[in-house]
Amino acid sequence: GLWAEAEKVYKDIETGYPDSGAALQVPLLTASYRESQGQSDEATKLLDEAIGRYERMGLEEPDSAVAEQARRYMNEAYAMKGDWNQVLANVDADMEKETVVTRKGSWLFLKALIAENRLGDKEQAQSLFAAFLNEYPSHPLAKLAKTHLDGLSTPAA
């Protein structure tokens, strides 16, 4: 019931602080609201525009903190659109650039979760969890990965 007021605040944030984390979130919040109101086309348009903006920010200042936030929000926008294959492609790109072993493992774990829970691809999830456990056996998420792999290996009742 307070959407008009919220929208005004969002516009003020985008105008006054265009490169802030808060401003980067505004299209996602607005798209979520539009979707909840049955305005799917408008929500999709907002998400597509946001993705374009996030991509430009990543190209203009690839090593900045703002670009890092933009990449995260871009994945959120793709997830909101249900484009999990693009999220996976982005995770692959981030994983390729990652130099910290624990974070690289976390990216692989995330891929396995997406395959399992979003794509519903049991075989791909099993393969990714197995690769994770093979490559990162002492990773903090290894026990959880084993639990997921065991669950995927158990035949449905």
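Is Ala-130 buried, partly exposed or exposed? In this predicted model, Ala-130 is partly exposed, with a relative accessible area of 35%. That value falls between the limits of 20% for buried and 50% for exposed. Ala-130 lies in helix H7. Its C-alpha atom is separated by 8.1 Å from that of Ala-145, a residue 15 places away along the chain.

The overall fold can be stated briefly. The protein chain contains 8 helices and 0 strands. Read along the sequence, the pattern is α-α-α-α-α-α-α-α. The C-alpha trace spans about 50 × 40 × 20 Å along its principal axes. The chain has 157 residues, and 35% of them count as buried. Contacts between residues at least 6 apart in sequence were also examined. Of these, 44% join residues at least 24 apart.

Helices H2 and H3 form one of the helix contacts described here. H2 covers residues 21–36, and H3 covers residues 40–60. Their axes come within 8 Å and cross at roughly 165°. An angle over 145 degrees counts as roughly antiparallel, so H2 is roughly antiparallel to H3. The crossing of H2 past H3 is left-handed. On the H2 side, the contact involves Ala-23, Leu-24, Pro-27, Leu-28, Thr-30, Ala-31, Arg-34 and Glu-35. On the H3 side, it involves Ser-40, Glu-42, Ala-43, Leu-46, Leu-47, Ala-50, Arg-53, Tyr-54 and Met-57. By class, the H2 contact with H3 has 11 nonpolar, 2 polar and 4 charged residues.

Leu-46 gives a view of this contact from a single residue. Leu-46 is placed in helix H3. Its relative accessible area is 16%, so Leu-46 is buried. Leaving out residues up to four places away in sequence, Leu-46 touches Pro-27, Thr-30, Ala-31 and Arg-34. These four residues are among those that H2 brings to its meeting with H3. Pro-18 lies 28 residues from Leu-46 along the chain, and the C-alpha atoms of the two are separated by 16 Å.

Asn-75 belongs to another helix. It is found in helix H4, which covers residues 65–81. Its relative accessibility is 13%, so Asn-75 counts as buried. With neighbours within four places in sequence left aside, Asn-75 is in contact with Val-87, Asn-90 and Asp-94.

A further contact joins H6 and H8. Helix H8 covers residues 142–153. The axes of H6 and H8 come within 11 Å and cross at roughly 30°. An angle under 35 degrees counts as roughly parallel, so H6 is roughly parallel to H8. H6 passes H8 in a left-handed crossing. Phe-109, Leu-113 and Glu-116 make the contact from H6. Leu-144, Ala-145, His-148 and Leu-152 make it from H8. By class, the residues of this contact divide into 5 nonpolar, 1 polar and 1 charged.

Aromatic rings were considered next. The count comes to 6 aromatic pairs. One pair is formed by Trp-3 and Tyr-10, with ring centres 5.8 Å apart and planes at 70°. Planes over 60 degrees apart count as edge-to-face, so the pair of Trp-3 and Tyr-10 is edge-to-face. Both Trp-3 and Tyr-10 are buried.

Phe-109 and Phe-129 form another pair. Their ring centres are 5.7 Å apart and their planes stand at 65°, so this pair is also edge-to-face. The pair links distant parts of the chain, with its members 20 residues apart. Phe-109 is in helix H6, residues 101–117, and Phe-129 is in helix H7, residues 122–135. Phe-109 counts as buried because its relative accessibility is 5%. Phe-129 counts as buried because its relative accessibility is 0%. Ring pairs link Phe-109, Phe-129, Phe-132 and Tyr-136 into a cluster. Phe-109 thus belongs to the ring cluster and is also one of the H6 residues in contact with H8.

Methods:
Residues numbered from 1 in each chain as written. Predicted model: local features only at pLDDT ≥ 70, side-chain atom pairs only at ≥ 80, totals over all residues. Heavy atoms only, no water. Phe/Tyr/Trp six-rings, centres within 6.5 Å; stacked < 30°, edge-to-face > 60°. Buried < 20%, exposed > 50% of the residue type's maximum accessible area, 1.4 Å probe, protein only. Helix = DSSP H or I, 4+ residues; strand = E, 2+ residues; numbered from the N terminus. Contact = heavy atoms within 4.5 Å. Axes fitted to C-alpha atoms, helices over the stretch in contact; angles between N-to-C directions. Parallel < 35°, antiparallel > 145°, perpendicular 65-115°, else oblique. Left-handed = near helix turned anticlockwise from the far one by under 90°. Nonpolar A, V, L, I, M, F, W, Y, C, P; charged D, E, K, R; others polar.
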